[in-house]
Amino acid sequence: MSFESREESRYLGEPVDLYYFRYGSQANAFYAYTDAEQEVTHDDVVYQPIPIKRGNFTASGTLDKAVLSINVPINVGIAELFRVYPPGQVVTLVVRQGHVNDPDVEYPVIWTGRVIQCERDGSEAILSCEPVATSMRRSGLRRHYQLSCPHVLYGPKCKASKQAATITVPIINLTGTRVTLQDGWSGSINPQKYIGGMIEWNPGAGLERRTILRIIDLKTLVLAGPTTGLTAGKNLDVILGCNHQMGVGPQPDGDCLPLHNNIHNFGGHAWIPTSNPINTNPYT
């Protein structure tokens, strides 16, 4: 094992770190950097040399101080990804360490986790990353006894068809967090039904999505974030929302059945009594 011999040697080792930032599921949605002086290729990924450094790993037995800081130049791709608005998908990080003169090209993983925030300090961007083990300390979500459906729209429990709820329309105009579409863009569906839904587009670095907060004049979408990478004339995927009610029985104004045809996966309890049957007031 040439890696072990170089690790144990005082003179043979030339240690370098490899940083692999993955953003999205597309083949090119990643950034790969190294602190070596030249490019390093590992597993068919070319790691670009940049002035990058990391903090020390913490192995205290607890996860309270487990955040890892990564310093990169302010103009590299991973820093630009956080420049205006947090990315729409999770950014994961895998750190490998090896030796550039290793004939076996071994780069074992020494750290894995995700980027949680990015700060700017002069000409540098400081990425704060948490290890994957921190997810173990989080308590899981509890399902409540409630009238409305608790499932995440288009999630694994909801199972509504996202493809069937998506339309592609051209952008007429956009400013800040607003996108204007053409008249009649929603067809026979009430445009207000898209409130709570989202838009999706690919600016090149990975899929971006924004929640639709409200709709003005039936054609201007107000979004929960800027429209980074969008321009007038481009096509945009607009996806229906849902008010998480049945649309039948005690919830006739709901969207689950009439809008998504997904009543079999409704997770709420629409027949919960809304008035207390045991009334202590004898005069009502």
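Two strands pair if DSSP finds at least two bridges between them. Strands here are DSSP runs of E with at least two residues, helices are runs of H or I with at least four, and both are numbered from the N terminus.

The model is predicted: local features need pLDDT of at least 70, side-chain atom pairs count only at pLDDT 80 or more, and totals for chains, interfaces and linings use all residues. Residues are numbered from 1 along each chain as its sequence is written, and side-chain values use heavy atoms, with hydrogens and water left out.

**Exercise 1. Lay out the open sheet and walk in from the β3 side.**

Step 1. Write the order. Nine strands form an open sheet, β3-β4-β2-β1-β7-β8-β9-β6-β5, with mixed pairing.

Step 2. Mark the edges. These are β3 and β5 (53–54), each pairing on one side only.

Step 3. Take β3 (residues 40–42) with β4. They pair in the antiparallel sense over three bridges. T41 stands opposite V46 in β4.

Step 4. Inspect the turn. The hairpin of β3 and β4 has two residues between the strands, and D43 takes a positive phi near 55° there.

Step 5. Move on to β2 (residues 30–34). It pairs with β4 (residues 45–49) in the parallel sense over two bridges. T34 stands opposite P49 in β4.

Step 6. Jump to β6 and β9. Six bridges join them in the antiparallel sense. P73 stands opposite E124 in β9.

**Exercise 2. Describe the surroundings of N71.**

Step 1. Locate the residue. N71 lies in strand β6 (residues 68–73).

Step 2. Classify it. Buried means under 20% relative accessible area, exposed over 50%, partly exposed in between (1.4 Å probe, protein chains only). N71 has 13%, so it is buried.

Step 3. List the contacts (heavy atoms within 4.5 Å). Leaving out residues up to four places away in sequence, N71 touches P51, I52, K53, E124, A125 and I126.

Step 4. Look for a polar contact. This is a pair of N or O atoms within 3.5 Å; within protein, one must be able to donate a hydrogen and the other to accept it, and residues adjacent in sequence count only if both atoms are side-chain atoms. The side chains of N71 and E124 are joined by one of 3.1 Å.

**Exercise 3. Work through salt bridges, with burial for each partner where given.**

Step 1. Set the criterion: a side-chain nitrogen of Lys or Arg within 4 Å of a carboxyl oxygen of Asp or Glu. The structure holds eight salt bridges.

Step 2. Take E200 and K162. Their closest N and O atoms are 2.4 Å apart. The pair links distant parts of the chain: E200 is in strand β12 (residues 198–201), K162 in the loop between β9 (124–131) and β10 (166–175), 38 residues apart.

Step 3. Compare burial. E200 has a relative accessible area of 9%, so it is buried. K162 is partly exposed because its value is 26%. Salt bridges that share partners join K162, E200 and R209 into one network.

Step 4. Take E208 and R210. Their side chains meet at 2.9 Å, N to O. E208 and R210 are both buried.

Step 5. Take R83 and E80. This salt bridge spans 2.7 Å, N to O. E80 counts as partly exposed because its relative accessibility is 36%.

**Exercise 4. Summarise the chain.**

Step 1. Count elements: two helices and 15 strands.

Step 2. State burial: 38% of the 284 residues are buried.

Step 3. State contact range. Among contacts between residues at least 6 apart in sequence, 56% join residues at least 24 apart.
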